[in-house]
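Subject: Structure handover and findings

Hello,

Here is the structure for you to look over. Please open it alongside this message.

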Amino acid sequence: MKLFQKLLLAPAALGLMAPVAASAADLNIAGVSQYGSEEQVTSITQFSDVQPTDWAYQALSNLIERYGCVAGYPNGTYRGSRAMTRFEAAALLNACLDRITEVTDELKRLMKEFEKELAVLKGRVDGLEAKVAELEATQFSTTTKLKGIATFVLGANSFGGSVDAVRDAAATQEGGTTFNYDVRLNFDTSFTGKDLLRTTLRAGNFGSSAFGGGITTGTNEAALGLNQLEVAFQEGEAGSNIVGINRLFYQFPVGDKVTVTFGGRVRQDDMLAMWPSVYPADTVLDVFTYGGAPGAYNLNLGAGAGIWYEDNGWSFSANYVSGNAQNGNPNEGGIGTDAAAQTGTVQIGYAASNWGAAAVYNYSNGVGPASGTPLAVLGGSGTGQLFDSVNSVGVSAYWQPSTSGWVPSISVGWGINSYNQADTAFDYDGATSQSWYVGLQWDDAFIKGNALGMAVGQPTFITSCGDLCQDGQKSTYDGNYAWEWWYKFQVTDNISVTPAIFYLSNPLGAIGNAARVAAGENGAALTNFGGLIKTTFKF
């Protein structure tokens with residue numbers, strides 16, 4: 001009960017305690033006249049007969065120091081052990097009421113002075129309460145958050161090279177200016193606050209785009225691939241503008257250091273504790289998004305499960321993905337079959353505040369178009385072949401400055417792959433390929449919030465194929481280079497515009513070399529220069 005309420009009840013309580021038949025002789029008129037005749041005390045120490053050991057010491061101290069409404073007798077005593085008369089109670093109550101009246105007057109003055117400000121605050125509070133009520137009534141879900149990314153790409157390719165047939169085929173199929181889109185809607189649901197159920201809907205129309213990644217050269221199916229953008233998406237054979245389930249997995253912690261992930265539509269990197277690269281802030285070419293080791297980080301997508309462990313910056317991850325797990329025919333799919341399009345990945349890494357590194361091993365079996373993995377990733381830049389199994393190792397690292405400036409962040413990676421293929425039509429059994437890249441990125445370049453980046457590297461290219469390399473058609477001249485440059489304008493917090501250019505040297509690799517040899521030409525059979533403007537909306 002508040003002090004004021006207590007004081008209001010005090011007379012009634014005192015009336016109940018006082019004798020009903022009290023006579024004038026019972027009243028100590030002299031004592032009443034003396035009580036309160038002294039000035040109000042300001043400290044309990046002014047009472048000579050009040051000790052800290054008294055049971056009401058703290059209560060009396062609060063009345064004096066907080067409210068200033070307790071007086072004593074002229075001789076400096078409080079006489080706390082003496083019975084209180086009704087007159088003395090009235091004197092005490094009157095002193096406290098006077099004090100409360102003073103406080104009330106001060107509050108009224110302040111309220112009058114800040115009347116406009118208080119009215120504004122009240123209006124804002126009322127408005128916020130209305131908005132909260134509206135959100136609660138119309139919200140999609142109390143457990144699910146929606147995050148979306150929509151991307152527009154306008155651009156074109158230009159082709160050169162020493163072999164007219166190859167160059168003309170590329171220009172015919174990918175030489176036009178295109179406008180494409182990709183849209184992703186992530187529904188992130190949490191039931192405990194620590195777990196995650198992710199459902200991603202995705203649609204796009206990059207199937208026949210200049211940046212979709214496939215051309216035909218005569219009778220050879222060649223996955224140009226290297227000019228494919230990271231955002232280039234189309235829902236499989238369903239065609240353009242079809243919405244599909246791109247992700248569906250559940251992730252939950254076990255204790256403080258272990259995380260488990262499983263789902264019917266989960267990608268390899270969804271189940272890794274760390275990604276060993278800070279490049280790029282805005283993606284352009286897809287080949288520069290694999291940490292320099294596209295064989296090991298092949299980003300296989302399908303049904304899978306994984307687990308990771310983290311402690312003091314160190315992490316260990318292991319996962320399995322089957323790209324054809326939905327197919328019950330063991331000759332066409334399943335889990336653990338030769339046709340599963342499956343990958344098994346193990347990664348160990350360390351991440352500090354501004355740098356990190358990781359080593360990864362990946363085993364792939366029958367991975368190819370069925371699992372959605374770009375062909376250029378798998379068997380040399382231009383082979384486009386499927387292998388019975390591939391053993392891949394990758395090492396990647398990154399470093400970024402503590403503050404943005406002229407010094408860029410640096411991301412590097414290298415990978416090596418060993419192939420086994422029973423099909424003797426393509427003599428790559430026992431072949432080896434490698435890859436590498438370096439990515440540089442300047443945050444807050446020229447204007448705060450913007451970013452500048454470039455990357456250079458060699459995507460997967462055959463480096464060794466044993467005695468079979470004596471055949472001119474299987475030359476190790478599979479080397480290729482890729483460059484990209486881009487600048488991201490952060491227009492608003494949710495909108496960015498990124499102009500970019502890229503150059504590919506010999507993107508068809510061994511197939512391009514075979515065409516060059518057959519035509520008796522020198523130099524790269526095909527080169528590719530591309531330019532684009534990418535606009536991204538996040539909501």
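Below is what was found in it, feature by feature.

First, a caution: this is a predicted model.

**Backbone**

Most residues other than glycine have a negative phi, and most peptide bonds are trans. Three places here deserve a look on that score.

- The peptide bond between tyrosine 279 and proline 280 is cis, with omega at about 0°. Proline 280 sits in the loop that runs between strand 7 (258-267) and strand 8 (301-311).
- Asparagine 241 has a positive phi, near 60°. It belongs to the loop between strand 5 (220-222) and strand 6 (244-254). Its relative accessibility is 46%, so asparagine 241 is partly exposed.
- Aspartate 444 also has a positive phi, near 55°. Its loop lies between strand 14 (432-443) and strand 15 (451-464). With a relative accessible area of 29%, aspartate 444 is partly exposed.

**Aromatic pairs**

The whole structure contains 16 aromatic pairs. One of them joins phenylalanine 211 and phenylalanine 502: the ring centres are 6.2 Å apart and the planes meet at 75°, so this pair is edge-to-face. Phenylalanine 211 is in the loop between strand 3 (196-204) and strand 4 (215-217), while phenylalanine 502 is in strand 17 (residues 495-505), so the pair ties together parts 291 residues apart in sequence. Phenylalanine 211 is buried, at 0% relative accessibility. Phenylalanine 502 is buried too, at 0%.

Another pair is tyrosine 350 with tryptophan 355. Their ring centres are 5.3 Å apart and their planes are at 45°, so the pair is tilted. Tyrosine 350 is partly exposed, with a relative accessible area of 23%. Tryptophan 355 is partly exposed as well, at 38%.

Ring pairs also link Tyr279, Phe288, Tyr437 and Trp486 into a cluster. Tyr279 is the residue that precedes the cis bond to proline 280.

**Nonpolar core**

In soluble globular proteins, nonpolar side chains tend to be buried together. The largest nonpolar core in this model has 22 residues. Those that touch the most other members are Val153, Phe211, Leu229, Val284, Leu285, Phe288 and Leu532. Strand 15, strand 16 (481-490) and strand 17 each give two or more residues to this core. Strand 17 gives the most, with three residues.

Two names recur from the aromatic section. Phe211 takes part in the edge-to-face pair, and Phe288 is in the ring cluster.

**Cavities**

There are three cavities of 30 Å³ or more. The second largest holds about 60 Å³ of space. Its lining is made up of Val287, Phe288, Gly292, Pro294, Ser435, Trp436, Tyr437, Gly457, Gln458 and Pro459. Strand 14 and strand 15 are the elements that give two or more residues to this lining. By type, the lining of the second largest cavity has six nonpolar residues, four polar and no charged.

Phe288 and Tyr437 appear in this lining and also in the ring cluster.

**Helix 6**

Which residues of helix 6 are buried? In this helix (residues 164-174), they are Val166, Ala169, Ala170 and Glu174. Viewed down the axis of helix 6, the buried residues fall within an arc of 95°, so they line one face. Ala165 and Thr172 are exposed on the other side of helix 6.

**Two contrasting loop positions**

Lysine 194 is in the loop between strand 2 (178-189) and strand 3. Its relative accessibility is 67%, so lysine 194 counts as exposed. The C-alpha atoms of lysine 194 and glutamine 251 are 8.9 Å apart in space, with their positions 57 residues apart in sequence.

Proline 408 is in the loop between strand 12 (389-399) and strand 13 (409-420). At 14% relative accessibility, proline 408 counts as buried, because the cut-off is under 20%. Proline 408 and glycine 439 are 31 residues apart along the chain, and 9.4 Å separates their C-alpha atoms.

Best wishes

Note on methods. Residues are numbered from 1 along each chain as its sequence is written. This is a predicted model: local features need pLDDT of at least 70, side-chain atom pairs count only at pLDDT 80 or more; totals for chains, interfaces and linings use all residues. Side-chain values use heavy atoms; hydrogens and water are left out. Helices (H or I, at least four residues) and strands (E, at least two) are DSSP runs, numbered from the N terminus. Buried means under 20% relative accessible area, exposed over 50%, partly exposed in between (1.4 Å probe, protein chains only). Rings of Phe, Tyr and Trp (its six-membered ring) pair if their centres lie within 6.5 Å; planes under 30 degrees apart count as stacked, over 60 as edge-to-face and the rest as tilted. The arc is that of the directions from the helix axis to the C-beta atoms. On a 1 Å grid over the protein atoms alone, a cavity is a set of points where a 1.4 Å probe fits but cannot get out, and a pocket is an open set with protein on both sides within 12 Å along at least five of seven lines; lining residues have an atom within 4 Å of a point. Grid points are joined across faces, edges and corners, and a volume is the space filled by probe spheres set on the points. Ala, Val, Leu, Ile, Met, Phe, Trp, Tyr, Cys and Pro count as nonpolar, Asp, Glu, Lys and Arg as charged, and the others, Gly among them, as polar. A nonpolar core is a set of buried Ala, Val, Leu, Ile, Met, Phe, Trp, Tyr and Cys residues joined through side-chain atoms within 4.5 Å.
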